[in-house]
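Please work through the exercises below with the sequence and the structure at hand. Each task is followed by a worked solution.

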Amino acid sequence: MAIISEVEEESSSSRPRMLPFRAVLDSSNPLGFLEKVFDFLGEQSDFLKKPSAEQEIAVAVKAAKEKLKKKAEKEIVKPVEKKAEKETVKPVERKVEKESVKPVEKESVKPTVASSSAEPMEVEKPKEEEKKESGPIVPNQGNGTDLENYSWVQNLQEVTVNIPVPIGTKARSVVCEIKKNRLKVGLKGQDPIIDGELYRSVKPDDCYWNIEDQKMISILLTKHDQMEWWKCCVKGEPEIDTQKVEPETSKLGDLDPETRQTVEKMMFDQRQKQMGLPTSDELQKQEILKKFMSEHPEMDFSNAKFN
């Protein structure tokens with residue numbers, strides 16, 4: 001059975017222009033659909049020209065397969081837990097947003113309006129706006145950011161946060177609360193070092209923290225969506241340019257042979273098309289034709305036309 005899908009989004013001043021994509025999915029030949037997707041990417045973007053394109057696609061394929069497995073397990077084993085999450089987690093998140101985010105926005109607006117009459121403040125105001133509009137920053141070697149009070153790194157599955165603390169700090173002096181969409185970390189009796197909404201949701205049951213050498217709080221956050229690079233750890237902090245993220249190099253080797261062969265074939269065909277060269281299927285047909293011609297020298301192929 002064939003399924004026709006069409007995706008089109010309107011562009012806005014703050015988002016890149018989205019192009020329509022139309023393709024036919026034949027359930028008996030899903031690889032043909034994927035080849036059209038890669039053709040579209042090759043024509044409309046530079047993604048496939050990146051050296052890390054094959055690795056990122058391999059990571060996406062592996063993560064998608066794991067996601068399907070986990071989804072099937074949750075539907076069979078934990079149908080009741082999903083209902084409980086809807087009833088308990090969502091109201092808590094809404095309360096937190098109302099209590100914490102809205103008052104902060106109101107407080108931050110009032111001082112800027114009141115200080116607009118003073119000349120020194122008018123000079124400082126554009127500088128802050130320039131920093132916000134300067135665009136994303138280049139990620140550090142761990143695909144994260146080094147900030148004043150902490151640093152963070154990431155891969156597609158996890159985010160690691162490192163917070164330096166005074167030498168001799170013990171675990172009982174640390175306050176660390178990891179929720180689905182929020183992180184709060186600090187020392188008892190002091191203001192929190194981190195207290196804000198996470199860039200994306202995490203799995204609290206798969207997150208943990210510890211003290212390293214009594215001078216560093218290390219926090220491991222397991223991403224809920226393991227197919228996306230985070231632009232920041234906590235919302236409001238400087239964002240990185242995810243186009244400059246360098247994925248791990250050994251992901252193709254982690255795939256099973258069949259999946260790896262499929263991904264490598266698609267990437268080879270796409271590169272061949274961009275250079276105007278025959279694809280792997282076309283090369284195979286040419287080899288078959290050459291073999292047939294060599295086995296039948298009595299036949300004249302000089303005036304033959306081949307598609």
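Three exercises on this predicted model follow.

**Exercise 1. Strand pairing**

Determine how β4 pairs with β3 and with β5, and how many residues each hairpin has between its strands.

*Solution.*
1. Strand β3 covers residues 145-146 and strand β4 covers residues 151-154; the two run antiparallel and are joined by two bridges.
2. Within this pairing, Thr 145 lies opposite Trp 152 of β4.
3. Four residues lie between β3 and β4 in their hairpin.
4. On to the next pair: β4 and strand β5 (residues 158-164) are also antiparallel, with four bridges between them.
5. Here Ser 151 faces Asn 162 of β5.
6. Three residues link β4 to β5 in a hairpin.

**Exercise 2. Cysteines**

Establish how many disulfides the model contains, and decide whether Cys 176 is buried or exposed.

*Solution.*
1. A disulfide requires two cysteine sulfur atoms within 2.5 Å.
2. By this rule, the count is zero.
3. For Cys 176, the nearest cysteine sulfur belongs to Cys 207 and is 9.3 Å away, so Cys 176 is in no disulfide.
4. Likewise, Cys 207 has the sulfur of Cys 176 as its nearest, at 9.3 Å, and is in no disulfide.
5. Buried means under 20% relative accessible area.
6. Cys 176, at 18%, is therefore buried.
7. Cys 207 has a value of 12% and is therefore buried.

**Exercise 3. A nonpolar surface patch**

Identify the residues that make the nonpolar surface patch, and locate Met 293.

*Solution.*
1. Phe 292, Met 293 and Met 299 make a patch of about 250 Å².
2. Met 293 belongs to helix α7, residues 280-295.
3. Because its relative accessibility is 32%, Met 293 counts as partly exposed.

Technical notes
Residues are numbered from 1 along each chain as its sequence is written. This is a predicted model: local features need pLDDT of at least 70, side-chain atom pairs count only at pLDDT 80 or more; totals for chains, interfaces and linings use all residues. Side-chain values use heavy atoms; hydrogens and water are left out. Patches are made of residues with over 30% relative accessible area and no salt bridge: like charges are joined within 9 Å, nonpolar side chains (Val, Leu, Ile, Met, Phe, Trp, Tyr) within 5 Å. Accessible areas come from the Shrake-Rupley method with a 1.4 Å probe; for residues, only the protein chains shown count as cover. A salt bridge is a side-chain nitrogen of Lys or Arg within 4 Å of a carboxyl oxygen of Asp or Glu. Buried means under 20% relative accessible area, exposed over 50%, partly exposed in between (1.4 Å probe, protein chains only). Two strands pair if DSSP finds at least two bridges between them.
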